[in-house]
Amino acid sequence: MIVIGVVVGLTMGSLPGMTATMTVAVLVSFTFGMEPAQGMMLLLGIYGGALYAGSIPAILIRTPGTPSAAATVFDGFPLAEQGKAGRAIGIATVASFVGGAMSVVFLALLAPQIATVALAFGSPEYFALAVFGLTIIASISGDSVVKGLLSGLLGMLLATVGLDPNLGFPRFSLGFEALTAGIQFIAVMIGLFGIAEGLNRYRAGIETTEVEQDLTSVLPTLEDLKNIRNVTLGSGLAGTFIGSIPGAGGDIASFVTYSEAKRWASDATPPFGEGNVLGVAAAESGNNASTGGALIPTLTLGIPGDSVTAILIGALLVHGLQPGPGLFRDEPGLVYAIFIGFFLVYVLILVFGLIGARYWARLIDFPAMYLWPCIFVLCVVGAIALRGNLLDVWVMLGAGVLGYLMRMDDYPLAPMVLGLILAPIAESNLRRSLQISNGSLDVIYTSPLAMVILALAVLSLFSPFVRELVGRYRA
């Protein structure tokens, strides 16, 4: 079941728009007739495999297979443009294994303790966390912070379309009933990175963009492993904690760990965003570490850490098992099967990833005049598979044209995705906090954890400017 799950996860995660959540949701019904341990192994294999596989198209064609692989694009795709796709996939595979395996070890050893800290997060703390995430926009904006902020604000604006999160009234739907369901950020992401990249390739000349890939360096060298060691371990630790916060997920974890790696290695060569393996390692380690982290509140408290673990709770309930403290007491065999099995999932990901890297990297060698039409079709399929809603296809196409125009004028695209993801979290939790305190911000000021996170957000926001001033002073 583990092998089948990993293979299915690798296949589905490498397709743009086919998220881990969607794949697990579609296949969860197949586990109802299995033993609980077998069913969980299948679903956990899909979970880990899909999150890792999202990095493959992110590196090869600048189109993340899953939302949590969006940060991998920043340095993974430039490496592919330099003919080093095999090296990038190898680094991503090793970092994914280390991050995922670390999170499982923490899950097995420290689950109750981490879950206790995660439970301290209420609406003020979630608001502070979302603000901290939004400040990352400054560090992923490239050469122009102003353009990055404008891109992020545009994403936040699009996130307001749909139903009001607290009152349930439609807003900014322009009279279209379909828009009351909101704008799916996955559809926007597929358009921004997939369609926009394809249009840019055709503008540049479809046959002039082919790069010969070096497939002799798929296995990371000892120098590469030594180089990424610290950032991989640090991102794995941070990703585990972020993943253990209910609702955070791999997309937030990958952006945060990438941003922190960029901050601590600001003098790295080449710079982040131009093909630095540290960026790939940080994003993938944090992304995959969030999986074990998400299982911590799921198993110990019965609270889903992300959308996939919410489905896993449903699968356990179908078998008459209630996640929570009682699960450790009543079904210790199942709990430890999950620990051991999920660790084996990442061992298989390491093996399959390194074996298959040279073959996936050859995807770029496929004639571009045939490759990109196929990618366009997959983008459409991925968008319509989200909800079976034709609106998502139009949103994806519109985002593709918008992304193409933004790239023409050097506006970064990642901040827009980050704004789309984090704005609803920030808005709903701020308004909930204000409702709790009758309109007063005291509920935020009196939360030590929220204030610590907001202080980190201020440091994150101003650190790029401080570094620039220090650099000028030294010069």
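Modeller: Two residues are in contact when heavy atoms of theirs lie within 4.5 Å. By that measure, residues 24 or more positions apart account for 78% of the contacts in the protein chain with a separation of 6 or more. This is a predicted model, in which local features need pLDDT of at least 70 and side-chain atom pairs count only at pLDDT 80 or more, while totals for chains, interfaces and linings use all residues. Residues are numbered from 1 along each chain as its sequence is written, and side-chain values use heavy atoms, with hydrogens and water left out.

Biologist: What makes the protein chain as compact as a globular protein of that length?

Modeller: The chain has 20 helices and two strands, where helices (H or I, at least four residues) and strands (E, at least two) are DSSP runs numbered from the N terminus. Its radius of gyration, taken over C-alpha atoms, is 21 Å, close to the 23 Å that the globule rule gives for 475 residues, so the chain is as compact as a globular protein of that length. The rule is 2.2 Å times the number of residues to the power 0.38.

Biologist: Why does N287 count as buried?

Modeller: Buried means under 20% relative accessible area, exposed over 50%, and partly exposed in between (1.4 Å probe, protein chains only). N287 has 0% relative accessibility and therefore counts as buried. N287 belongs to helix α12 (residues 277–301), and beyond four places in sequence it touches L51, S68, G250 and S254.

Biologist: How far does the backbone oxygen of L51 lie from a polar atom of the side chain of N287?

Modeller: The distance is 3.4 Å. A polar contact is a pair of N or O atoms within 3.5 Å; within protein, one must be able to donate a hydrogen and the other to accept it, and residues adjacent in sequence count only if both atoms are side-chain atoms. The value of 3.4 Å thus meets the limit of 3.5 Å.

Biologist: Why does Q184 count as partly exposed?

Modeller: Its relative accessibility is 23%, which lies between the 20% and 50% cut-offs. Q184 sits in the loop between β2 (170–171) and α9 (185–204).

Biologist: How do you know what span is expected of helix α13?

Modeller: The expected span is 1.5 Å times one less than the number of residues. For the 12 residues of α13 (residues 307–318) this gives 16 Å, and the helix reaches 17 Å from its first C-alpha to its last, close to that expectation. Its buried residues are V308, T309, I311, L312, I313, A315 and L316. Just after α13, G320 takes a positive phi of about 75 degrees.
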